[in-house]
Each structure stands twice: as C-alpha cells, then as structure tokens.
Amino acid sequence: MTVSSQETHIGGLAVGYLPDRLGAASDFEFEWGGVAFVQRVWETQLPDGAWRVDLQVQAMRGDALTDLDALREFLAEYHERGDDWKPEPAGDDGLASEHEVARFLAPGLAVEVRDPFGRQGIHEVKATAASVVKAP
C-alpha cells in the first residue's frame, strides 16, 4: 500500500518529525517472533533505476517486549546480530547503533527507526525516533 510521505501515524504511533528528503512511502504489516510489525518505508528511485530505502519506521507490538533489555534481545535476534552487538543508550528508553534507534514506549510497544543505507544520517534518525509517541 503506497501512502503519502506526509502521513505521520504508523501502527497507532504518531511521528512528530520526519526528514525532508524522503521519497515515496509504502506500508507493510507482518509478524515475526510473536511481535506484530507495522512498517512504513520511504524509498527513492536512483538514476540507474534501482530503488534505495531512505528511512524505515516500524511500530512493534507483542508480549516479548517487556522492557528495554527485552527489546534489545528481540532486535538482536530479529536483525541476526551476534552477542557482541552493544547498542548505546539513547535517552532513558532507547537504544542506538550506527544506522538505527529503537525505543521502548510501554510494555508490549516499541518503535524502531532505521536508515539502512545512511541516506539521512544518525542525527535525523535520532530526531525522528525521539518524536514518536503513542497516538491519542
């Protein structure tokens, strides 16, 4: 499903800030490891015709997301990271690594913002992640 890049609600979450340089947006829903995902992906078509992901925001809901440590363990498995993956703290409720920030919003609810190709930069990823709240 293609959506407007101006849309700011994703899976029951309100995103208060998005970078300016985002292409077309598409939404996806899936489940992995007992966690339901609603993901929005913005992509830009490159001159050679290939598409490149500009940014991903995914709302995650599931019983496995009990606290920040459980979120880290879940993401390590989901992204197939080794035991040596040690994200840095991002505020009181988040984890940050080179191209992503995840936040534990409430028991059973988390968000992850990713810039897998470094098109936006970690500053924009952090700003986007910090702006996410549960939608009223």
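A14 has V133 as its bridge partner in β11, in a model that is predicted rather than determined. β3 (13-15) and β11 pair in the antiparallel sense over three bridges; two strands are taken to pair if DSSP finds at least two bridges between them. The strands themselves (E, at least two residues) and the helices (H or I, at least four) are DSSP runs, numbered from the N terminus. The open sheet here has three strands, in the order β2-β3-β11, with antiparallel pairing. β2 (9-10) and β11 (132-134) stand at its edges with a single partner strand each, so one side of each has no neighbour in the sheet.

A word on ground rules: residues are numbered from 1 along each chain as its sequence is written, and side-chain values use heavy atoms, with hydrogens and water left out. Because the model is predicted, local features need pLDDT of at least 70 and side-chain atom pairs count only at pLDDT 80 or more, while totals for chains, interfaces and linings use all residues.

Elsewhere, β4 (residues 24-32) and β5 (residues 35-45) run antiparallel and are joined by nine bridges. E29 is matched with V38 in β5. The two strands make a hairpin with two residues between them, and G33 in the turn has a positive phi of about 60 degrees. β4 is also home to D27, which is buried at a relative accessible area of 17%; buried means under 20%, exposed over 50% and partly exposed in between, with a 1.4 Å probe and protein chains only. The side chain of D27 does have a partner, since a polar contact of 2.5 Å joins it to the side chain of R40. Such a contact is a pair of N or O atoms within 3.5 Å; within protein, one must be able to donate a hydrogen and the other to accept it, and residues adjacent in sequence count only if both atoms are side-chain atoms.

Two more hairpins follow along the chain. Three bridges join β7 (residues 88-90) to β8 (residues 94-97) in an antiparallel pair, with E88 opposite A96. Three residues separate the strands of this hairpin, and G91 takes a positive phi near 70 degrees. β8 then pairs antiparallel with β9 through four bridges, L95 standing opposite A102. The link between β8 and β9 is a hairpin of two residues.

Helix α1 (residues 68-78) comes with a cap at its N-terminal end: a side-chain oxygen of D67 lies 3.2 Å from the backbone nitrogen of D69. D67 sits in the loop between β6 and α1 and, at 34% relative accessibility, counts as partly exposed. Its C-alpha atom is 9.3 Å from that of A110, although the two residues are 43 apart along the chain. After α1 comes E80, with a positive phi near 55 degrees. The buried residues of α1 are A70, L71, F74, L75, A76 and Y78, and their cover includes β4, β5, β6, β9 (100-106) and β10.

The structure holds six aromatic pairs, counted where ring centres of Phe, Tyr and Trp (its six-membered ring) lie within 6.5 Å; planes under 30 degrees apart are stacked, over 60 edge-to-face and the rest tilted. F74 and Y78 have ring centres 6.1 Å apart and planes at 5 degrees, so this pair is stacked. Being four residues apart in α1, F74 and Y78 are separated by about one helical turn. Along with F30, W32 and F37, they form one aromatic cluster. Away from that cluster's listing, R52 lies over the face of F117, 4.5 Å from the ring centre; the criterion is NZ of Lys or CZ of Arg within 6 Å of the centre and within 35 degrees of the ring normal.

As for nonpolar cores (buried Ala, Val, Leu, Ile, Met, Phe, Trp, Tyr and Cys residues joined through side-chain atoms within 4.5 Å), the largest has 20 residues, of which W42, L55 and V57 touch the most other members. β3, β5, β6 (51-61), β10 (109-114) and α2 (122-130) each give it two or more residues. A second, separate core of 13 residues includes L65, F74, W85 and A110. Contacts of V57 (heavy atoms within 4.5 Å), leaving aside neighbours within four places in sequence, include I10, V15, W42, V111 and T128.
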